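Q: Please take a close look at how the interior of this model is packed, moving from one contact between elements to the enclosed parts and any empty space beside them. I would like one connected account rather than a list.

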Amino acid sequence: EILNFQGSTHHIGVGSFSKIQMKEEKIMAAAIGFLMIIVIVALLLKGKMSPIVVLAIVPTISALILGFVPTDILGFIADGIKTTTSNGILFIFSVIYFGVLSDTGLFDVIVNWLVKKAGNNVIAVTVVTAMIATIAHLDGTTAVTVLITIPAMYPVYKRMNIDARILLCITGACMGVMNLLPWGGPTARAATVLQMDATELWHMLIPLQIVGLVMNSVIAVLLGMYAVKKGAGAGKGVEVETNEKEKAETEALKKSRGYLIFNFLLTVAVIAALSTGVGKSYVIFMLGLCVLLAVNYPDQKIQDKLVKKHAPAALIISATLFAAGAMVGIFDGTGMLEAMANAIMAVIPAAMGKYIHIIFGILALPFGLCVGTDAYFYGIMPLVMQVGETYGVASLNTALTMLIGKNLALMVSPLVPATYLAIGLTGTELKDHMKFSIPPYYVVSLIMLVLGVILGIISL
């Protein structure tokens with residue numbers, strides 16, 4: 001009996017020691033995980049290193065500190081990258097497709113036609129601005145949208161004495177809503193973290209996107225009325241000289257009316273195919289790009305030139321997605337994410353836990369202003385999703401709420417290069433743009449969030 005008792009005591013002691021050791025390992029994993037996020041966010045905010053380097057190297061070092069061997073880490077990375085493959089390929093073909101489409105001159109024709117229809121009506125001008133920015137952001141590239149919308153409309157705004165902040169506000173609002181498209185950066189990043197197809201995620205967001213577009217039209221009308229009240233109107237401003245030299249450089253690539261009609265119908269067909277989900281999104285864009293190039297530029301040298309022209313932007317985005325996949329793989333494989341979620345759970349009141357996705361949905365725009373896109377989606381979102389899961393909140397719900405506000409913070413954030421491009425083209429101070437645009441953006445984001453709950457897209 002004594003021997004049995006001693007053996008039993010010894011067994012209990014080993015079990016207790018094992019539990020303590022496991023607890024210490026989880027605390028260590030959580031601590032390293034939080035430190036890793038802080039380092040990633042700090043490096044991305046400072047802009048001292050490429051997101052590709054940050055997202056791949058920092059998690060790898062963290063895994064090594066936790067004691068994982070290189071072979072295990074390579075396996076984690078490979079598993080993570082597998083989840084980003086389809087979205088990475090989607091980016092390559094979609095960015096090049098819309099880049100070539102812009103080269104054909106289709107957007108120029110649409111812009112010129114809309115401006116002509118607006119005439120000297122101030123409200124019509126602001127509404128047309130919303131339409132142009134919405135169409136221009138079909139490619140999901142912020143710089144392209146800015147370069148299509150603002151140079152086209154700024155002379156009209158100056159001539160009619162309409163505040164340039166209105167132009168910036170409308171452009172940014174439309175970019176934010178249109179950025180919910182599957183080839184838009186945030187949606188693709190969220191899909192990467194969720195390990196799902198970006199097009200599938202977009203299908204859930206379509207009703208909210210429609211709500212956002214309606215809200216943008218309302219904002220455009222209200223801002224047009226505000227401009228009239230402030231004295232805007234035909235003949236009350238000044239003319240702005242256009243830079244003909246820059247336009248001349250792209251004239252050689254412009255296509256005739258027949259080609260443009262074909263390009264428009266092709267794009268409608270591509271978007272329709274994406275909306276119905278008849279095939280993989282990257283396959284649809286790949287075939288669309290091939291048809292676009294073959295019809296508009298049958299010469300091989302021109303095709304190669306155009307692909308090389310737009311490939312850098314496409315490849316950088318895709319490479320960043322793959323690096324993010326590596327981070328997600330390490331997060332999951334090492335157990336860091338679960339350990340961090342448990343640590344947060346310990347300090348969050350249980351009564352609030354089930355509403356964590358709504359809380360972060362409300363805070364999404366302020367967070368979006370202060371944190372870069374990669375840091376937000378690859379650093380903060382996975383953590384919030386994991387915490388939400390422990391309280392019964394599906395990760396998909398959290399991703400949907402956090403997407404909306406972040407998108408609307410797009411062109412008002414000091415961390416987005418396109419923001420500086422836009423204010424530079426209009427000669428507006430960043431602080432003035434932020435003060436003017438943030439309130440309407442926040443209102444739109446909250447309305448979309450509320451309607452998302454009402455429509456059943458987001459569950460409470």
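A: A crossing of two helices is called right-handed if the near helix is turned clockwise from the far one by less than a right angle, and left-handed if it is turned anticlockwise. In this predicted model, the crossing of α8 and α22 is right-handed. The two helices, α8 covering residues 164–178 and α22 covering residues 430–454, pack at an angle of about 35 degrees, and their axes lie 9 Å apart. On the α8 side the contact is made by R165, I166, L168, C169, G172, A173 and V177, while α22 brings D432, H433, F436, S437, P440, Y441 and M448 to it. Sorted by class, the residues of this contact comprise nine nonpolar, three polar and two charged.

Ahead of α8, in the loop that follows α7 (142–159), sits N161, which has a positive phi of about 60 degrees although it is not a glycine. Most residues other than glycine have a negative phi. N161 is partly exposed, with a relative accessible area of 41%.

The chain as a whole has 22 helices and zero strands, and buried residues make up 49% of its 460 residues. Among contacts between residues at least 6 apart in sequence, 79% join residues at least 24 apart.

Against that background, α9 (185–194) deserves the closest reading. Counting a residue as buried when its relative accessible area is under 20%, 10 of the 10 residues of α9 are buried, so this helix is largely enclosed by the rest of the structure. The buried residues run from G185, P186, T187, A188 and R189 to A190, A191, T192, V193 and L194. The cover over them includes α4 (85–103), α10 (198–229), α14, α19 and α20 (395–408).

Just after α9, Q195 takes a positive phi of about 60 degrees, again without being a glycine. Q195 belongs to the loop between α9 and α10 and is partly exposed, with a relative accessible area of 43%.

The empty space can now be placed beside this enclosed helix. A search of the whole structure finds one cavity of 30 Å³ or more, and the largest cavity holds about 30 Å³ of space. Its lining consists of F91, G185, R189, I317, T320, L321, D374 and Y378. Of these lining residues, G185 and R189 also appear among the buried residues of α9. Residues three or four places apart point the same way, because an α-helix has 3.6 residues a turn.

Three helices, namely α9, α14 (300–334) and α19 (373–390), each supply at least two residues of the lining, and α14 gives the most, with three residues. Both α14 and α19 are also named in the cover of the buried residues of α9. By class, the cavity lining has four nonpolar, two polar and two charged residues.

Terms used:
Residues are numbered from 1 along each chain as its sequence is written. This is a predicted model: local features need pLDDT of at least 70, side-chain atom pairs count only at pLDDT 80 or more; totals for chains, interfaces and linings use all residues. Side-chain values use heavy atoms; hydrogens and water are left out. On a 1 Å grid over the protein atoms alone, a cavity is a set of points where a 1.4 Å probe fits but cannot get out, and a pocket is an open set with protein on both sides within 12 Å along at least five of seven lines; lining residues have an atom within 4 Å of a point. Grid points are joined across faces, edges and corners, and a volume is the space filled by probe spheres set on the points. Helices (H or I, at least four residues) and strands (E, at least two) are DSSP runs, numbered from the N terminus. Ala, Val, Leu, Ile, Met, Phe, Trp, Tyr, Cys and Pro count as nonpolar, Asp, Glu, Lys and Arg as charged, and the others, Gly among them, as polar. Axes are lines fitted to C-alpha atoms, for helices over the stretch in contact, and angles run from 0 to 180 degrees between N-to-C directions. Contact means heavy atoms within 4.5 Å. Buried means under 20% relative accessible area, exposed over 50%, partly exposed in between (1.4 Å probe, protein chains only).
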